[in-house]
Amino acid sequence: MSKRKNPSDDNNLNSDFCDFLMELAEYEKNVSRNVHKYNAYRKAASVLATHSKRIESGDEAKKLSGIGDKISKKIDEFLQTGKLRKLENIHQDEDAQAINTLTRVTGVGPVKAAEFVRNGIKSIEDLRNNIDKLTHHQTIGVRYFEDFEKKIPRKEIQDIEGKLKNLIKNLDPEFTVTICGSYRRGKRESGDIDALVTHPSLKINEKKKKHEAKLMKSLVDALKGLVTDVISIGDTKFMYYCAILYFTGSDVFNKTMRAHALDKGFTLNEYALRPVGVTGVPGEPVQISSEEDVFDYIDYPYKTPEERNM
DNA sequence: GTCAA
DNA sequence: AGCGATGCGCG
DNA sequence: TTGACCGCGCATCGCT
């Protein structure tokens with residue numbers, strides 16, 4: 001549920017470049033509705049953030065994968081003038097700014113945001129005055145707008161992890177809980193909490209499921225902003241490791257890994273790793289009994305959760 | 001916007 | 001009621 | 001120069 005991104009983190013020598021690239025990314029996604037440019041800008045920001053040397057020129061940046069002619073020139077312009085004309089223009093475009101703002105509400109995407117602005121609804125305040133025009137999802141989005149943009153300290157997640165495990169243990173001691181996401185990757189704070197809940201028995205009766213859902217819901221209400229995904233389907237043993245891999249992320253890591261899987265003739269999702277036949281039709285899932293198994297099958301060097309922060 | 005076919 | 005298309009979100 | 005750019009679930013909406 002976290003909409004925030006930050007390749008412009010800690011010891012990043014190129015964070016100023018990353019900042020304007022991320023801003024351009026947001027613009028392309030939210031206003032231009034071009035998700036591919038959005039991803040291109042984010043990839044460029046990511047590669048610059050990882051780069052251990054301060055970039056001194058556009059030409060130098062261009063050597064990095066993901067940076068081409070246009071971004072190279074933008075870097076030159078930024079180095080010379082300290083800003084980008086393109087970005088300055090965007091700042092002055094009030095509708096574009098309004099669309100960007102509305103998009104920060106979960107449940108409001110580029111299309112809905114543009115429609116709101118067209119109808120004169122241009123701020124969070126305006127949204128709150130028009131609750132009747134919102135879906136259930138968007139209503140929650142405005143209600144907790146400020147909360148959702150806050151980061152959650154690791155310590156706080158540890159507390160919640162303890163409470164969650166206690167509650168679920170009382171429900172049925174055979175449940176296991178794993179907090180995935182950036183928490184599992186060792187981050188000091190996270191945008192949300194991803195809890196993967198499994199049960200050793202293949203069958204979970206319906207009543208228990210509902211009871212569990214209720215429990216989760218009350219927990220969410222009580223803690224304001226705890227977001228959970230519950231996976232409980234037949235082949236759990238089998239799916240579990242693909243799920244934990246997926247929920248641990250990061251998103252860039254997942255994309256990279258899935259792309260690599262395709263190279264090696266497999267398709268990977270959160271449920272299974274399957275070979276892809278010459279016809280392009282995925283075959284039967286491969287038996288997986290650990291996270292490492294997935295890496296092995298697609299011939300990808302194993303990375304610990306902490307090494308998946310990409 | 002970038003890369004590769 | 002049932003369907004597919006679209007929008008939005010998750011990692 | 002042109003096409004691809006992960007993979008999928010859920011809510012919503014319009015059409016039949």
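Two residues are in contact here when heavy atoms of theirs lie within 4.5 Å. The structure in the viewer is a predicted model.

**Chain A as a whole**

Select chain A. Its secondary structure comes to 16 helices and six strands. Of its 310 residues, 41% count as buried. Take the contacts that join residues at least 6 apart in sequence: 56% of them link residues at least 24 apart.

**Helix 1**

Next, select residues 15-30, which form helix 1. This helix has 16 residues and spans 22 Å from its first C-alpha to its last, close to the 22 Å expected at 1.5 Å a residue. Now colour its buried residues: F17, C18, F20, L21, M22, L24, A25, Y27, E28 and N30. What do the buried residues of helix 1 pack against? Show helix 2, helix 4, helix 5 (85-92), helix 6 (94-102) and helix 7 (110-118), and the partners are on screen.

**The loop after helix 1**

Move on to R33, in the loop between helix 1 and helix 2. Its relative accessible area is 47%, so R33 counts as partly exposed. The backbone deserves a look here. Most residues other than glycine have a negative phi. The phi of R33, however, is positive, near 55 degrees.

**K74**

Select K74, which is found in helix 4. An unreviewed UniProt entry places the feature "active site" at this residue. Is K74 buried or exposed? Buried means under 20% relative accessible area; K74 has 13%, and therefore counts as buried. To see what surrounds K74, leave aside its neighbours within four places in sequence and show its contacts F20, L24, Y41, L84 and K86. Two of the names have come up before: F20 and L24 are among the buried residues of helix 1.

**DNA strand B**

Now display DNA strand B and the 13 residues around it. Those that come nearest are Y41, G66, G68, K70 and I71. Y41 is also one of the contacts of K74. By type, the residues of this surface divide into five nonpolar, four polar and four charged.

Which part of the strand faces the protein? Of the strand B atoms within 4 Å of the protein, 82% belong to sugar or phosphate, and the rest belong to bases. Zoom in on the phosphates and check three distances from the protein backbone:

- G66: a backbone N or O atom lies 2.7 Å from a phosphate oxygen of DNA strand B.
- I71: a polar backbone atom is 3.0 Å from a phosphate oxygen of the strand.
- I67: a backbone N or O atom lies 3.4 Å from a phosphate oxygen of the strand.

Then highlight helix 2 (35-50) and helix 4 (69-81), the elements that give two or more residues to the surface near the strand. Helix 4 is also where K74 is found.

**N100 and R104**

Go to N100 in helix 6. With a relative accessible area of 18%, N100 falls under the 20% limit and so is buried. Not counting residues up to four places away in sequence, N100 touches E26, N30 and V31. N30 is one of the buried residues of helix 1.

The last stop is R104, in the loop between helix 6 and helix 7. R104 counts as partly exposed, at 39% relative accessibility. Finally, select L87 as well and draw a line from C-alpha to C-alpha: R104 and L87 are 17 residues apart in sequence and 19 Å apart in space.

Methods:
Residues numbered from 1 in each chain as written. Chains lettered and ligands numbered in written order. Predicted model: local features only at pLDDT ≥ 70, side-chain atom pairs only at ≥ 80, totals over all residues. Heavy atoms only, no water. Near = heavy atom within 4 Å. Polar contact = N/O pair within 3.5 Å; in protein donor to acceptor, adjacent residues only side chain to side chain. Helix = DSSP H or I, 4+ residues; strand = E, 2+ residues; numbered from the N terminus. Nonpolar A, V, L, I, M, F, W, Y, C, P; charged D, E, K, R; others polar. Expected span 1.5 Å × (residues − 1). Buried < 20%, exposed > 50% of the residue type's maximum accessible area, 1.4 Å probe, protein only. UniProt positions renumbered as here; feature names shortened; annotations may be inferred.
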